[in-house]
Amino acid sequence: MKKTTVIILDDNELERLRIKESFEKSEEFEVIGDSNDGLTGYEMINNLNPELVITDLVLQSYDGFALLEKIGELQIKPKILIVSSLKNDEFIQKSIDLGANYYMIKPIIPELLLKRAKEIMQDKEQNMNLLQQKSPRMRALEEKISNIFITVGIPAHIKGYQFLREAIKMAIDEPSIINSITGQLYPSIASRFSTSASKVERAIRHAIEVAWNRGKIENINNVFGLKVYNSNEKPTNGEFIALVADKMLVEGA
């Protein structure tokens, strides 16, 4: 059985070694690196491409937030599990916004940490299986949409990312649905994800707001090939969905 590769980063040597020992004893994981230094950790992640990174926010050189930002720039990104004594809600939310998949507060029980790590990797495996079942056209289309999202600054870990991608695919297959966003598009996506239409609408709006708040307006305008927006305005959900769908159709989606 192939083991999941892991890198462990923690400024506290005893804590780092305790986590490392726990994972080395596991049949599911292989520890391929550990450090107390964020910069060293990033170099290991960049060179070794681990599937999972377990890190504290308190590190030497790069702190955990700087590390998350650097990981976010990589083409191949690992799953990230934060283990920290910092309990502030703002720190937790910032970690999630920067791409962390889970946040655990110290002191931690090694068995529970292992369980959470397995759950994170199982979610990844299930997503990969679903992707492999899709047609080559659908995989290519989703890759193009994902590349646009990366360019304009929409992070993959937020709910609106998935909802927005589904909305764009639906608008490509049935362009007229853009005229019935509230009546058809939101409810259809809500049904697929077992949620409500209002939550779909809010999550998509949040995803677009995140892109604008990151200030990548030049990238956004470059994607569409003309100066559509400035930093003081942003499109409605329907406008953004229609813009991306039209771009995909023009490119032969």
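# Group meeting talk: salt bridges, a crossover and some unusual backbone spots

E142 has 4% relative accessibility, so this residue counts as buried. Keep that glutamate in mind. One word of caution before we go on: this is a predicted model.

Where does E142 sit, and what does E142 pair with? The side chains of E142 and K169 meet in a salt bridge, 2.5 Å from N to O. This pair links distant parts of the chain. E142 is in helix α6, residues 136–152, and K169 is in helix α7, 27 residues apart. K169 has a relative accessible area of 7%, so K169 is buried too.

Now look at another residue in helix α7. R165 is found there, and the helix covers residues 159–173. R165 is buried yet has no salt bridge. Which side chain of opposite charge is nearest to R165? The answer is E142, and the distance is 4.1 Å. A salt bridge needs the nitrogen within 4 Å of the carboxyl oxygen, so a pair at 4.1 Å does not count. R165 does touch E142. R165 also touches I145, S146 and F149, leaving aside residues up to four places away in sequence.

Next, the wider picture of charges. How many salt bridges does the structure hold? There are 13. Let me take you through a few more.

Start with D34. The side chains of R16 and D34 form a salt bridge at 2.9 Å, N to O. R16 is in helix α1, residues 13–25. D34 is in strand β2, residues 29–35. The two residues are 18 apart, and the pair links distant parts of the chain.

D34 has a second partner. K20 forms a salt bridge with D34, and the closest N and O atoms are 3.0 Å apart. K20 is also in helix α1, and here the separation along the chain is 14 residues.

Are these residues buried or exposed? R16 is buried, because its relative accessible area is 9%. D34 has 22%, so D34 is partly exposed. K20 has 21%, so K20 is partly exposed as well.

One more charged group. D10, D56 and K106 are linked in a network of salt bridges. K106 has something else to show us. A cis peptide bond joins K106 and P107, with omega at about 0°. P107 lies in the loop between β5 and α5.

That brings us to strand β5. Which strand pairs with β5? Strand β4, residues 79–84, pairs with β5, residues 102–105. The sense is parallel, and there are 4 bridges. How does the chain get from β4 to β5? The chain goes through helix α4, residues 89–97, and this β-α-β crossover is right-handed. Follow that path on the screen.

Look at both ends of helix α4. At the N-terminal end, N88 is the cap. A side-chain oxygen of N88 lies 2.6 Å from the backbone nitrogen of E90. Just after α4 comes G99, with a positive phi of about 115°.

Now zoom in on the strand pair. L81 has Y102 in β5 as its bridge partner. Both residues also turn up in the contacts of I120. I120 is found in helix α5, residues 110–132. Why do we call I120 buried? Its relative accessibility is 8%, and buried means under 20%. I120 touches K79, L81, N101 and Y102, again not counting residues up to four places away in sequence. Take N101 from that list. N101 and I120 are 19 residues apart along the chain, and their C-alpha atoms are separated by 7.3 Å.

Last stop: two loop residues with positive phi. Neither is a glycine.

The first is N49. Phi is positive, about 50°. N49 lies in the loop between α2, 38–48, and β3, 52–55. With a relative accessible area of 40%, N49 is partly exposed.

The second is S61. Phi is near 60°. S61 is in the loop between β3 and α3, 64–72. Is S61 buried or exposed? At 56% relative accessibility, S61 counts as exposed.

To finish, go back to where we began. E142 is buried, E142 is salt-bridged to K169, and E142 is the nearest opposite charge to R165, which has no salt bridge. Find those three side chains on the screen.

Conventions
Residues numbered from 1 in each chain as written. Predicted model: local features only at pLDDT ≥ 70, side-chain atom pairs only at ≥ 80, totals over all residues. Heavy atoms only, no water. Pairing = 2+ DSSP bridges. Right-handed = clockwise from strand over helix to strand, strands pointing away. Buried < 20%, exposed > 50% of the residue type's maximum accessible area, 1.4 Å probe, protein only. Lys, Arg positive; Asp, Glu negative; His and termini not counted. Contact = heavy atoms within 4.5 Å. Polar contact = N/O pair within 3.5 Å; in protein donor to acceptor, adjacent residues only side chain to side chain.
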